[in-house]
Structure formats: C-alpha cells, structure tokens
Protein chains: 4
Amino acid sequence: MKRNRKGGYHTLAREKGAKGKESRLRLLHAAAKQFATHGFYTTKVSSIVAEAKLSQPAFYLYFESKDAVFEELVEMFRSRLQAVINDSQLPEQNGAKHSALDQLCHTLQSMFEYFYSHPDLTRIGFYLSPDANDIKLELVQGIEKMLRHEQQNSNFASDIPMNLVSECLVGTIERIVFTQLLPGQITPEELAVNIVRLYVSGLARNQSKV
Amino acid sequence: MKRNRKGGYHTLAREKGAKGKESRLRLLHAAAKQFATHGFYTTKVSSIVAEAKLSQPAFYLYFESKDAVFEELVEMFRSRLQAVINDSQLPEQNGAKHSALDQLCHTLQSMFEYFYSHPDLTRIGFYLSPDANDIKLELVQGIEKMLRHEQQNSNFASDIPMNLVSECLVGTIERIVFTQLLPGQITPEELAVNIVRLYVSGLARNQSKV
Amino acid sequence: MKRNRKGGYHTLAREKGAKGKESRLRLLHAAAKQFATHGFYTTKVSSIVAEAKLSQPAFYLYFESKDAVFEELVEMFRSRLQAVINDSQLPEQNGAKHSALDQLCHTLQSMFEYFYSHPDLTRIGFYLSPDANDIKLELVQGIEKMLRHEQQNSNFASDIPMNLVSECLVGTIERIVFTQLLPGQITPEELAVNIVRLYVSGLARNQSKV
Amino acid sequence: MKRNRKGGYHTLAREKGAKGKESRLRLLHAAAKQFATHGFYTTKVSSIVAEAKLSQPAFYLYFESKDAVFEELVEMFRSRLQAVINDSQLPEQNGAKHSALDQLCHTLQSMFEYFYSHPDLTRIGFYLSPDANDIKLELVQGIEKMLRHEQQNSNFASDIPMNLVSECLVGTIERIVFTQLLPGQITPEELAVNIVRLYVSGLARNQSKV
DNA sequence: TATGAATGAGAGTTCATTCAT
DNA sequence: CATGAATGAACTCTCATTCAT
C-alpha cells in the first residue's frame, strides 16, 4: 500500500485478553468482507465496525488506520499463499521423485484450494491491492522455476521463453480463479488438471500448427 | 421540500466551436492519464483540470461529473475494442479462406496494437472499470466463437471445454498486456504469435503427457 | 457506474446520551433562528453551526442535510400548531356550551400565544416553507368549520361564502401576526378579541351599507 | 433588495435600437416568469436567458446583475400599483362626491384588476421581494387614510383602531389575491365587493355580539 | 448586437480519525 | 475494553459573472 504511508507502528495491538483478541478478529473478518465486496475506497471504516458490531474508536484500538488493516490482510494473503506453495512439495515416493509437472499440478491444486476457502482474502490480495503485482510476480517466478526444471529434464521443447509462459499461466490463473473457481463452477482439482493439460499439450490435434 | 431544480447549467456539452472541442479533448486525455495512473478514487477533478490547464468549472462545462468522464472513457475503450475486433477479419486470399488460427492470431495482433497505442484507455477499461468484467466477457465470447470454429474443422482435439480455454486465454491476454506489451518488452506481433503457439501446441515435446 | 454506496455515516440521529441530545437541540434552535432571520437560501450550514458552537460535521451527525433540518422545523410548527388548535376546545361551563364565537376567539388567542412564544418557527412555517400553503389551508378549513357551526346556529346572516370568509380571516391572521403580534405591539388576547369583533360586527355604525 | 448591494449603476442600458429594446423586454418577461414560478434563489440566470432565447452575456448587456433585474421588477410593481391606486379616484358625479366606501371598493377593484393582469409581477412584489413589506405598508397607509375619512364622516363606529383594521384588510387582500383571484376563482369586482361588505357589515345577523 | 468559452468564490457534504469518559 | 461525541481536511459541484471575439 502506497496510499498513505504514515510511518512506524505505534504501540497498539492490545490483543491481550481473550475478548480483545476476539474483537480484533471480528474486525479483521469484517474488513476482509467489506473490502472484498466493495473495494478499498468505497469501504468505510464505519461499515467495517458496523459489521463487526463495534464502535469506530474500537477500530483504532486494534489497527492503526484503514490502510493498516488493508495491508495486514494483504500480508496475510501473501504469506499464507507462500506457505501453501512451500508446503505443497510432493514427497518422494518409492524413492522416485515426482515429475515437475505432477509437482506443478499439485501446487496449483493446493493454491486453488486455498483460494477457494479464502475468497475475500484472495480478492483483496489478487485484485485490490496495489501490491497485487508483487504477489503475482513472486508467483510467476515460482512457476518459472518449476517450468525450467522440467525444461532441463528436456521434456519441454517449446521455443517460447519460459518467463513468458509463466506470465501467461499466472494471467490464466488469476482470471480463472475469479470466474470459475470462486463462483464454484469447477473444483480446485479439475481446474488444476485442466490448466496444466492445456499448457502442456495445447489445443491442436496434430502438432504441426502455427 | 424538494427545492432543488437541477436541470444543468446550459444543456452541457457545448463543443460548438473549435476551441471548445479542443478543451474537451484536453480534458478527456488528462482524465484518461490521471485515471490510468492513479485510479478512480485517487484521481481528483482538480488534478484533471490542472493537467488540462483549465479551471474546475470548465470541467463541468464538458462533463456531467467525474463519474461521467470515466464512463465515457470506458465506453470509448469498449466500442473501439469491439471495432478493432470486427475490423480484423482477414480477407479471403487466393480464393482460400484463412484458418481460424490465422484469424485468431491476426485478431490478437490487432487488439494488441490497439492496446499498445492506447495504454491509458486499456488500463481503464481492463482494470479500473467496474464494467471491466463485462468487457472481458465479450472478449471471452468472441474468442470462444473463433475457437469453436476451428474445433468444428476438427483441428482441435482437446477435451478441455472451449469456454474454459477462452477464459484462460483472456486471463493470459489481460496479464501479458500489462506486464509485457505496455512496458514495451515485446511487440504486438510477437506477442500474438507466441500466445497462439503456446495455446495451440502446448509446452510438451512429446504429446503423451498428463 | 454507480460507485457511490451512500447509506449514511452510522445510521444518523444518535442522540443517545444527554450531551448529544443537547447538541442536537442547540443546532435546532440555531437553525430556526438563522432561517427565520435570513431565509432558507441565505442561511449557510456554516452559520448554523457557528451559532451552535459546533463544527460543520457535527451538523451532519444530527441531520441528514440542510433541507432536512428545515423540514423538521416546519413539521414541528405544523404539528404543534395543530395540537394548540385541538387543545383549545373550551370546556362546557355550567352545563352550557360556549358559543362558536367564544370558541373561535379562544382558539385564536391560543394560536397567537403559541406564535408569540415561537416567533422563529412561526416565521418558518408561515412564510418561508414551501409547505406554508398547506399549513394555512388546514387553518382555513379549521376556521371554516367553526364558522359554519355558528352559521347553523343562525347567528350569521352573511351572504358571503364562509369559505371566502375563512380565507380572509387567515390572510388577516397571517399579516397581523407578523406586523403586530410578533413585534409586541399588541397582546395575543387583545388581538384575538379585536379580530373577532371586526369580523363579526364589521365597521359600520348602521347596518345598511354597501 | 438587500441581498447583495453592489453600488452605483454602470452605464449599460444599451436599449437604443429596436432590437436591443426588444431583447431587454424579453429578458424582463422571462425573468418575471422564472422568479414568479421558482423564487429568487432557485431562478438561475441561465434559465432566464434560456427562456429569453439569449446567451448569458446578453443578460449582462441589459442588466447589471441578477439582483438588479429583480429590483427592477419589484420597482415596476410598486410604481404601477401606486399609479393604479392614484388613478382610481372616482370623479365627482352630479356634484356629489362618492362615499369613501364606494371609493375604497373601486380602488380595490382596480388593484385586483391590475393584479389579475400581472400575476408574475404581483407574486414578485407581494411575496418574493424583501421590499414586499414596504410596499404593503404603503398600501396599509393608503387604506387607512380612506378609512379614517369615512370614520370622520362618522359612518364607522368601530372602536378597533383604524390602523389595525387596515393591517387586517391588507392581510386579507394579500391572501385572497393568491388563493382566489389569481387562480381565477372569482372576478376582481366580486372580490372587491365581498371584501368591503365583509369589513363593513361583519358576519353577525344582530349586532350585539362579542 | 451577440455569444462561446472560461473562471473565482463558495456551498454542502463526507470520512478517517481523535478526545474524553 | 469500549463508546458517544466531535472535528480537520478535503472533495465534488454550482453559479453569477466576465473575457475575447
């Protein structure tokens, strides 16, 4: 968020007692929902607290500013997404490593599962945040690494630069998540499989095209 | 009560003489630039008119409101994009029709050329507008039509639903335009070719994968 | 577009604690005074809050808009006036009902007392409001009813339509209130007596005129 | 008008040629209509010129300001009304002077005829103008003079002060003009007769009341 | 005689944020 | 732990008025 930098945190974060922790959480959820639904600028602090059934000053008991909650949500999305990706390493099986494609497929599926179970955060981190580009860039780089790996195994012949491919794939993911996954048109698994298949095999019946 | 008799200053939208037309255009360009750079909410009417070297009231001489200019810009983008797509039908050559893929490739290239020469509008119509989804949906449908055509010529074996493919492709376009095309990393033609190749042939060297 | 999610700050009209109630009242009084003194359009919200010793946003804590306070004041005038009229029914005395004229006289006096003790509201409801006509019309009808009553007791011979008489009387009231009563030239009681006498007996010494 | 004093006239009034004179008149009529219909503040210069089919600068060719036209219209009303009253002196007939009542009746009728044929001006001068009070005061004084005259002829026994009676009468006139005369419910003559009869004879059948 | 184009000045309203309790 | 009450700072939009032609 570059919206309105204010400088260092002041010592709020009073989330000591149980009640405080709970209030903070309610605010966080309310904020996520409101931001996801209405965007950053049309979400008013007043509606966040209304949804959380707290007063406006209470909001500032737990967050430095409207910008700050937003940033926190984005950060949550970013780090959890990172975690999901990291945790999705397939274990070796019977001493044999999985192919990079299996790995990719599995990683995508894990991501999609995460997106599906956190639609508000996803909307915020992927669409709304000014940092969305950075987040997606990380994704691009992660994917590129996997692709290069497979390429080194000489399974990819494509003369399209892998970086471009990753960009394409991330674009695809981005859209498909919002138009297919979140509305529940398709399961995370199907989506992962379909996308990987498309990117690997392409559409053509005979491989002489273009 | 209802005291307010609105009804506009004097029917708005003068643009009779050349000077007026020019001012309106300056405002339109300034607005496009500001919106594209800062987004809708952080763009102030004051900065638009500053960039256009006019006073604030002048703005309201030519546009009903800040919302209205924005909508006008979006509409421009939408209709011109539509026109570009429609005008990109390849003519028959030597009595033989072009393949749907050539057609797709050519259409993409035309679109990319349009995007490249109108980056501000593109940013507005594709990212910023609440109507962006509608616009992209039109695009999805247009592309799906082309793909189905090719499919009926039985050049596509893919068992992935064509609608899903279109969605994927549009996602790709969307991203690639902003990360590669607009920053000038790649020419419209290269981009079109690469994308079509990727979607048609896929990445794999031998077609037994996944 | 429709970006604006209005929906009010936080449901408005707090006035929970005593302090809030008091502020709201101060604003209401200030508004009444300003409107009465300067009229609707020349009264600025800024002068209302200045008089109430509050900031501009505080105004919108208690009222939806400048229009809204005005309407509220008008409504107060209208309803209280109605109440005054209703409450001014003379009780039976010694088993004998009062004559309609006594009743009229008494009602007028009550009204005048109300006007005299609420000059600002009176100015607003009688002069300034676009609804002033409705309010006066109610008054005309109320008075007409009393007059008809007396007429049925065959105390009135006049061949002037009672409706016209009521209109005349209301016109008289309206003016006399502002030129005589509010400036303190005459007491409510004197005024009521004089007017009724005038309307009942007329000016002429011998009743053969005109 | 105290609205916005601006100081002395500048030398505009270019109404030399016939066309100029006509434009000025069109503006004046348009202004009267707009002011009468919508009031001073809700009438915009832009709507006046729209109605007059001229441009905004043209307006300032003929009038110093919005305030100025309004004042001019009020002044027209005031002076013409004065003239009507002065011209309504009944001539002696057969050497015998008319009674003051006949005179009053005739004067009222003339006034009503004037009002009826100039509804816009009447609305402006009687209702809208801040000077309305002065104008009505003049009227009160004129009427009071007539009444006193009749009183001296000892035709009036009333112990109600003649000044108060005049005030009452003017109030009556004011209202009745707008609710009965201008909407065309009653002719100027009938109105004059009815009012005078009411004020002279009163409502009562037998003169012992109150 | 008239107008297209432009503006200074200000009004109402909103919102994130804080004070006092 | 929480809130009722209040505000500074902006922002959009309007309107009478003028400049240049």
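A crossing of two helices is called right-handed if the near helix is turned clockwise from the far one, and left-handed if it is turned anticlockwise by less than a right angle. I start there since handedness comes up twice in what follows. What you have above is a predicted model.

First, a helix pair in chain B. Helix α8, residues 162-181, and helix α9, residues 188-201, have axes that come within 12 Å and cross at roughly 145°. In the sense just defined, α8(B) passes α9(B) in a right-handed crossing. On the α8(B) side the contact is made by L169(B), T172(B), I176(B), Q180(B) and L181(B), and on the α9(B) side by P188(B), L191(B), I195(B) and Y199(B). By class that gives 7 nonpolar residues, 2 polar ones and no charged ones.

Next, chain A, and two pairs that share helix α6. Helix α1, residues 18-38, packs on helix α6, residues 119-128, at an angle of about 55°, and the axes are 8 Å apart. Angles that fall outside the parallel, antiparallel and perpendicular ranges count as oblique, and α1(A) and α6(A) are therefore oblique to each other. Here the crossing of α1(A) past α6(A) is left-handed. From α1(A) the contact takes A32(A), K33(A), F35(A) and A36(A); from α6(A) it takes P119(A), D120(A), L121(A), R123(A), I124(A) and L128(A). The division is 7 nonpolar, no polar and 3 charged.

The other partner of α6(A) is helix α4, residues 66-87, also of chain A. How do the axes of α4(A) and α6(A) lie? They come within 9 Å and cross at roughly 100°. With 65 to 115 degrees counted as roughly perpendicular, α4(A) and α6(A) are therefore roughly perpendicular to each other. L73(A), V74(A), M76(A), F77(A) and R78(A) of α4(A) meet L121(A), T122(A), I124(A) and G125(A) of α6(A). By class there are 6 nonpolar, 2 polar and 1 charged. Note that L121(A) and I124(A) appear here in the contact with α4(A), and that both were also listed for the contact with α1(A).

Now the interface of chains A and B. Which residues does the contact take? It takes 34 from chain A and 34 from chain B. On the chain A side, α8, residues 162-181, and α9, residues 188-201, each supply at least two residues. The largest share, 12 residues, comes from α8(A). That side of chain A divides into 18 nonpolar, 10 polar and 6 charged residues.

As for symmetry, chain A superposes on chain B by a rotation of 180° with 0.1 Å of shift along the axis, at an RMSD of 0.2 Å. The two copies are thus related as by a two-fold rotation axis. In chain A, the C-alpha nearest that axis belongs to G202(A), at 1.7 Å. The same surface serves both copies, with 100% of the contact residues of chain A recurring in chain B.

Last, the DNA. Around strand F there are 44 residues, and those that come nearest are G17(A), P57(A), G17(C), G20(C) and P57(C). The surface near strand F divides into 15 nonpolar, 16 polar and 13 charged residues. Strand E also has 44 residues around it, of which G17(B), G20(B), S65(C), G17(D) and P57(D) come nearest. By class, the surface near strand E has 15 nonpolar, 16 polar and 13 charged residues.

Key
Residues are numbered from 1 along each chain as its sequence is written. Chains are lettered from A and ligands numbered from 1 in the order in which they are written. This is a predicted model: local features need pLDDT of at least 70, side-chain atom pairs count only at pLDDT 80 or more; totals for chains, interfaces and linings use all residues. A residue is near a molecule or strand if its C-beta atom, placed from the backbone, lies within 6 Å of it. Ala, Val, Leu, Ile, Met, Phe, Trp, Tyr, Cys and Pro count as nonpolar, Asp, Glu, Lys and Arg as charged, and the others, Gly among them, as polar. Two residues are in contact if their C-beta atoms, placed from the backbone, lie within 7 Å. Helices (H or I, at least four residues) and strands (E, at least two) are DSSP runs, numbered from the N terminus. Axes are lines fitted to C-alpha atoms, for helices over the stretch in contact, and angles run from 0 to 180 degrees between N-to-C directions. Angles under 35 degrees count as roughly parallel, over 145 as roughly antiparallel, 65 to 115 as roughly perpendicular and the rest as oblique. Copies are superposed by least squares on the C-alpha atoms of residues with pLDDT of at least 70 in both.
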